[in-house]
Amino acid sequence: MAECYKRIEYPDRKAIAALYAAGAKAGQIAKEIGVAPRTIYAELKRGREGDKLDKNFRPSYDADLAQKRAQESLRRCGRRKGGPAE
């Protein structure tokens with residue numbers, strides 16, 4: 001059976017932020033979003049705001065910051081200019 005991959009988009013990040021703020025664990029969030037728990041852990045790391053803690057005394061997650069970092073990462077991908085092919 002082939003694996004199905006899903007890219008985390010901004011509405012998913014908003015849902016992750018709401019569930020995480022409500023105290024949900026990564027496994028529960030993963031089931032809601034439809035991805036693997038490992039993906040949620042990576043996403044929580046992407047949206048971490050330094051040493052700031054949320055009301056549950058966990059590292060806080062900001063969906064806007066995560067979206068910004070994801071866009072920057074996508075922008076860096078692709079063919080490099082000025083390589084030997086040019």
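This is a dialogue about how to read a predicted model of one protein chain.

Biologist: Let's start with the overall layout. How many helices and strands are there in the chain, and in what order do the elements run?

Modeller: The chain has 4 helices and 2 strands. Starting at the N terminus, the order is α-α-α-β-β-α. Please keep in mind that this is a predicted model.

Biologist: And what share of the chain counts as buried?

Modeller: Of its 86 residues, 27% count as buried. You can also look at contacts between residues at least 6 apart in sequence: 48% of them join residues at least 24 apart.

Biologist: How do I read the two sides of a helix?

Modeller: Here is the general idea. An α-helix has 3.6 residues a turn, so residues three or four places apart point the same way. Now take helix α2, residues 26-33, whose buried residues are A26, I29, A30 and I33. They cover an arc of only 100 degrees around the axis, which puts them on the same side of α2.

Biologist: Which exposed residues does the face of α2 turned away from its buried side carry?

Modeller: That face carries K31 and E32.

Biologist: What covers the buried residues of α2?

Modeller: The cover includes α1 (10-21) and α3 (37-46). While you are looking there, check the backbone: G34, just after α2, takes a positive phi of about 95 degrees.

Biologist: Where else in the chain is there a positive phi, in a residue other than glycine?

Modeller: One case is F57, with phi near 60 degrees. F57 is found in the loop between β1 and β2. Its side is open to solvent-probe access in the sense used here: F57 is exposed, with a relative accessible area of 68%.

Biologist: Let me try the two-sided reading on α3. Which of its residues are buried?

Modeller: The buried residues of α3 are I40, E43 and L44. They cover an arc of only 100 degrees around the axis, which puts them on the same side of α3. Turned away from that buried side is a face with the exposed residues R38, Y41 and K45. As for the cover over the buried residues of α3, it includes α1, α2, β1 (48-53), β2 (59-61) and α4.

Biologist: How should I read the packing of two helices?

Modeller: Look at the crossing angle of the axes, then at the residues that meet. The axes of α2 and α3 come within 8 Å and cross at roughly 105 degrees. Angles of 65 to 115 degrees count as roughly perpendicular, and α2 and α3 are therefore roughly perpendicular to each other. In this contact, A26, G27, I29, A30 and I33 of α2 meet P37, I40 and Y41 of α3.

Biologist: At what angle do the axes of α3 and α4 cross?

Modeller: The axes of α3 and helix α4 (residues 63-76) cross at roughly 100 degrees and come within 8 Å. That makes α3 roughly perpendicular to α4. The contact is made by E43, K45 and R46 on the α3 side and by A66, R69 and A70 on the α4 side.

Biologist: Now a single residue. Is Y61 buried or exposed?

Modeller: Y61, in strand β2, counts as buried at 10% relative accessibility. Leaving out residues up to four places away in sequence, Y61 touches R13, I16, A17, Y20, E43, L44, G47, E49 and A66. The C-alpha atoms of Y61 and L44 are separated by 6.1 Å, with their positions 17 residues apart along the chain. For K14 and Y61, 47 residues apart in sequence, the C-alpha distance is 10.0 Å.

Biologist: What about K14 and D12, which are found in helix α1?

Modeller: K14 is partly exposed, with a relative accessible area of 42%. D12, in contrast, is buried, with a relative accessible area of 16%. Not counting residues up to four places away in sequence, D12 touches K6, R7 and I33.

Biologist: And how do I read aromatic rings?

Modeller: A pair of aromatic rings is described by the distance of the centres and the angle of the planes. With centres required to lie within 6.5 Å, the count here comes to 0 aromatic pairs. A ring can also be read by the charge over it: R58 lies over the face of Y20, at 3.9 Å from the ring centre.

How values were computed:
Residues numbered from 1 in each chain as written. Predicted model: local features only at pLDDT ≥ 70, side-chain atom pairs only at ≥ 80, totals over all residues. Heavy atoms only, no water. Buried < 20%, exposed > 50% of the residue type's maximum accessible area, 1.4 Å probe, protein only. Arc of directions from axis to C-beta. Contact = heavy atoms within 4.5 Å. Phe/Tyr/Trp six-rings, centres within 6.5 Å; stacked < 30°, edge-to-face > 60°. Lys NZ or Arg CZ within 6 Å of the ring centre and 35° of its normal. Axes fitted to C-alpha atoms, helices over the stretch in contact; angles between N-to-C directions. Parallel < 35°, antiparallel > 145°, perpendicular 65-115°, else oblique.
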